[in-house]
Amino acid sequence: MEGGPGGDAFGSIPFLIGSGVNRDRELIVMAQRGTLHSEPNLACPEVDRFNAAAVGLRYGTPSTGRLLVRATQECRDRLTADGVDLGAYNTFENAADFADLREALGVGRWHVYGYSYGTDLALTHLRRHPGGIRSVAIDSVAPPQVITLPWTWDSAREGLDAVFAACEAQPACAERYPGLERTLTEQVGRLEADPLTLTVQPPAGGDPVRVVLDGGALVDLLVAKAVPFADLPAAIDELAHGNPERFARARAAGATPVVGEFAQGLKESVACGEWVPGHAADEVLAAGRRAFPGWPDSVLAQAPQLPFQYDVCDVWDVPDRTAAQRVPTVSDLPALVLSGTFDAKTGASWGAYAARTLSRSTVVRIPGIGHWVVPQSCCAADVLVSFLADPAAPDTRCAAGLEPAPFTITPEPEAVP
């Protein structure tokens, strides 16, 4: 079950095969309703084009928000003019689609694996359709009962704290980059007050593009793990010494999206029906202040990875589904819960939280790994394969004693005369 919501499940097949999940069993992958290979496809090229242009705009300013809302409105108008019922694209119906698929294929019971939004979907599938499930493995967990916009700040804090702690635990990193958290706070504030405007070539090549790097954009890149974790302390230190190249190139990568690949429409229908209702915008700001008290309010007012979501949902206009969806999954079926300690999108503690109502669950944390653990960790992949072979007793021994990989240590900058 693919993440997003709105990701291309077929695009993940190479990662799944590389992780060995089909080593001795069949792998079934379905494009979720509204995504790239389904009909209709709820792609929003209008939003994709906005995202490409947005790398050259301030991240959290009202003018940027208005452009995003306009692009979203254009997408909505086009889809609804084609007869699409946007309210029919939600996790409840998505889970039912998988149950229908299992019956159509004549499969008695199957193992279910989901990551990111796919864990929300997998837990809903388990709650609504338990009879056809042998076991559930969830990777980078977003429990359906807690996903809200304020919640995103808790995960960001947990993931970044883990990076800071890992640097402090490595003598070379601690010596070379002391006070990393303080340095980051200073840079978020400095860039928000005085953004950098740069011309940068995207990592994929092509013509250089205009990039604006402000505090909100910096935070968005951090949560998106746009800079490899091994390089993150170096990138923050370089930024503090006047070299923003690593973050600027990561920002420039957004200028070359594959238009139409990601189903923005499914994402908005799920987010606006299930994640946004019930919490006001000032609660997002309050959660941000609790998580990062030294950061500017203009940064903290936007939920990480979901800027201007309240305004977007005003125009997307789908029914509130929180009463049906914000429900914990209680089950005694075998469950594997995988989390990466560096995950700033779905903090590692939420895996253990979801496991509290999964009485036969095995919880595994992989140090030094971010969002979507299995393709990034041979140990996690081995644990998953072991779980599929014997859900009652997976072999988790490889996780014992794991530590984050060493961080990149750059030379000390020369002193300015």
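Which cysteine does a disulfide join to Cys44? Select Cys44 and Cys75: a disulfide joins the two, with 2.0 Å from S to S. Keep in mind throughout that this is a predicted model.

**Stop 1: Cys44 and Cys75**

Stay on this pair. The torsion about the S-S bond is -70 degrees, and the link is left-handed. Now show the helices on either side. Cys44 sits in the loop between α1 (13-18) and α2 (45-54). Cys75 belongs to helix α3 (residues 62-81). The two cysteines are 31 residues apart, and the pair links distant parts of the chain.

Colour by accessibility next. Is Cys44 buried or exposed? Cys44 has 1% relative accessibility, so Cys44 counts as buried. Cys75 has 0% relative accessibility and therefore counts as buried. The cut-off for buried is under 20%.

**Stop 2: the other cysteines**

Widen the selection to every disulfide. The structure holds four. Number the bonded cysteines in sequence order and the pairing reads 1-2, 3-4, 5-6, 7-8.

Pick Cys167 and Cys173. A disulfide joins them, with 2.0 Å from S to S. The link is left-handed, with -95 degrees about the S-S bond. Both cysteines are buried.

Move on to Cys272 and Cys313. Here the S to S distance of the disulfide is 2.1 Å. The torsion about the S-S bond is about -85 degrees, so this disulfide is left-handed. Cys272 lies in helix α12 (residues 264-275) and Cys313 in helix α15 (residues 309-316), so the pair ties together parts that are 41 residues apart in sequence. Cys272 and Cys313 are buried.

Which cysteine sulfur is nearest to that of Cys378? Select Cys379: its sulfur is the nearest, 8.8 Å away, and Cys378 is in no disulfide. Cys378 has 65% relative accessibility, so Cys378 counts as exposed. The cut-off for exposed is over 50%.

**Stop 3: the second largest pocket**

Switch to a surface view. The second largest pocket holds about 600 Å³ of space. Its lining has 24 residues. To find the centre, select Leu27, Ile28, His111, Val112 and Tyr113, the closest of the lining residues to that point.

Now bring up the elements around this pocket. α4 (91-105), β1 (110-116) and α18 (378-389) give two or more residues to the lining. Which element gives the most? It is β1, with five residues. Colour the lining by class: 18 residues are nonpolar, three are polar and three are charged.

**Stop 4: a parallel strand pair**

Return to the cartoon view and select residues 335-340 and 361-366. These are strands β5 and β6, which pair in the parallel sense over six bridges. For one point along the pair, pick Ser339, which stands opposite Arg365 in β6.

Then trace the connection. From β5 the chain passes through helix α17 (residues 349-355) to β6. This β-α-β crossover is right-handed.

**Stop 5: the cavities**

Finish with the enclosed spaces. Rolling a probe the size of a water molecule over the atoms shows where empty space is left. How many cavities of 30 Å³ or more does the structure hold? There are four.

Open the largest cavity. About 80 Å³ of space lies in it. Select its lining: Tyr59, Gly60, Trp153, Glu192, Gly216, Val219, Asp220, Ser298, Val299, Gln302, Pro304 and Gln305. The elements giving two or more residues to this lining are α9 (215-223) and α14 (297-300). α9 has the largest share, with three residues. By class, five lining residues are nonpolar, five polar and two charged.

Go on to the second largest cavity, with a volume of about 60 Å³. Its lining is Leu160, Val163, Leu222, Val223, Lys225, Phe229, Leu232, Phe342, Asp343, Ala344, Lys345 and His371. Highlight α6 (151-169) and α9, since each supplies at least two of these residues. Eight of the lining residues are nonpolar, one is polar and three are charged.

Keep helix α9 selected for a last look. α9 lines the largest cavity, and α9 also supplies lining residues to the second largest cavity.

Conventions:
Residues numbered from 1 in each chain as written. Predicted model: local features only at pLDDT ≥ 70, side-chain atom pairs only at ≥ 80, totals over all residues. Heavy atoms only, no water. Disulfide = S-S within 2.5 Å. Helix = DSSP H or I, 4+ residues; strand = E, 2+ residues; numbered from the N terminus. Buried < 20%, exposed > 50% of the residue type's maximum accessible area, 1.4 Å probe, protein only. 1 Å grid on protein atoms, 1.4 Å probe; cavity = no way out; pocket = protein on both sides within 12 Å on 5 of 7 lines; lining within 4 Å. Points joined across faces, edges and corners; volume = space filled by probe spheres on them. Nonpolar A, V, L, I, M, F, W, Y, C, P; charged D, E, K, R; others polar. Pairing = 2+ DSSP bridges. Right-handed = clockwise from strand over helix to strand, strands pointing away.
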